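Me: I am new to this structure and would like to understand the terms used for it. Please take me through them with care.

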Amino acid sequence: MTEVDLGAEALLSLVPISIVIGIGILLVFRHTSDQAAVRRARNLVTAHLLEFRLFMDEPRLIVRAQRNLIVANVRLLRLMLRPVLVLALPTVLLLAGLDGFYGRAPLVIGEPAIVTAQFKHDGTPLVLRTPPEIAAETPGVRVPAESQVSWRIRPLRASTGNLELVLKDRVFRKTFAAGAGPYYCSERRASIAGLLLHPTEAPIIDSEIDWIEVRYPGATILHLHWLVWFFVISGVAALVLKGRFRTAF
């Protein structure tokens, strides 16, 4: 499936998000770390680095400077541990959500796509129902070794909505988006076990079905993965604004 470039429009919307997140990181570091200790540890790292230039002709002093540099870096990393742990879970959830918007493109009109359901055991009867904007081109194709069934669909016009998978007397809905991007594309609706990596749709709570997936085209922004733009912009914002927010890291 060919990647889709979301263009400058997506970048313009990503820039303010990245800046705000960079500011949020500064605030977390400021309020959850010992800023005075961080500054002392950072100054020690700088001092030990300068020792390499001052004592380059003294091997014994260089070895001592290397040892002290390692100790100072370990101390600095230990001071960074608390804010990193505070940021870990929100960052995972945030990146998973943003990936649905910037890392995936809506289904391309007129091009086929695959819908897959994962069962907890094979042999469960399942029927796919599609809205008028989506054509189901094949019956369900089972892969017994993987306990999966897949359908090929083709979007006929730009639209958003739900696909319905009927399992006996139960109906499971999976969102879809087709047309020009950027648009939010939730690739997988998962069970509670997979909710951390796919947190954007209500979890499937069922004894027979594990997840439902719509395979979207991958997306880039001006030919680069969105994470490249995100980390560069948020990192630059944090570095530029750290003085204003009186934050050391």
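Me: Where does the kink in helix 3 lie, and what makes it a kink?

Reply: This is a predicted model, in which local features need pLDDT of at least 70 and side-chain atom pairs count only at pLDDT 80 or more, while totals for chains, interfaces and linings use all residues. Residues are numbered from 1 along each chain as its sequence is written, and side-chain values use heavy atoms, with hydrogens and water left out. The bend at a residue is the angle between axes fitted to the seven residues ending there and the seven starting there, and at Ala-88 in helix 3 there is a kink of about 40 degrees, shortly before the proline Pro-90.

Me: What does the span of helix 3 between its end C-alpha atoms say about a straight helix of 44 residues?

Reply: The expected span is 1.5 Å times one less than the number of residues, which gives 64 Å for a straight helix of 44 residues, whereas helix 3 (residues 59–102) spans only 52 Å between its end C-alpha atoms.

Me: How many helices and strands are there in the chain?

Reply: Helices (H or I, at least four residues) and strands (E, at least two) are DSSP runs, numbered from the N terminus, and by that count the chain has four helices and 11 strands.

Me: Why is the chain called more spread out than a compact globule?

Reply: The radius of gyration is taken over C-alpha atoms, and the globule rule is 2.2 Å times the number of residues to the power 0.38. For 249 residues the rule gives 18 Å, and the chain has a radius of gyration of 25 Å, well over that value, so the chain is more spread out than a compact globule. Along its principal axes the C-alpha trace spans about 75 × 40 × 35 Å.

Me: Why are strand 3 and strand 8 said to stand at the edges?

Reply: Two strands pair if DSSP finds at least two bridges between them, and in the open sheet of three strands, with the order 3-7-8, the pairing is antiparallel. Strand 3 (127–129) and strand 8 (170–178) each have a single partner strand, so one side of each is left without a neighbour in the sheet.

Me: How do you know that strand 7 and strand 8 pair?

Reply: Nine bridges join strand 7 (residues 159–167) to strand 8, and the two run antiparallel, which satisfies the requirement of at least two bridges. Gly-161 has Phe-176 in strand 8 as its bridge partner, and Leu-167 has Arg-170. Two residues lie between the strands of this hairpin, where Lys-168 takes a positive phi near 55 degrees.

Me: What makes strand 10 largely enclosed by the rest of the structure?

Reply: Buried means under 20% relative accessible area, exposed over 50%, and partly exposed in between (1.4 Å probe, protein chains only). Five of the six residues of strand 10 (residues 209–214) are buried, so strand 10 is largely enclosed. Strand 10 pairs in the antiparallel sense with strand 2 (residues 113–119) over five bridges, and with strand 9 (residues 188–189) over two bridges.

Me: Why does His-223 count as buried or exposed?

Reply: The relative accessible area of His-223 is 69%, so His-223 is exposed by the cut-off of over 50%. His-223 is placed in the loop between strand 11 (219–220) and helix 4 (226–241), and has a positive phi near 75 degrees, although it is a residue other than glycine.
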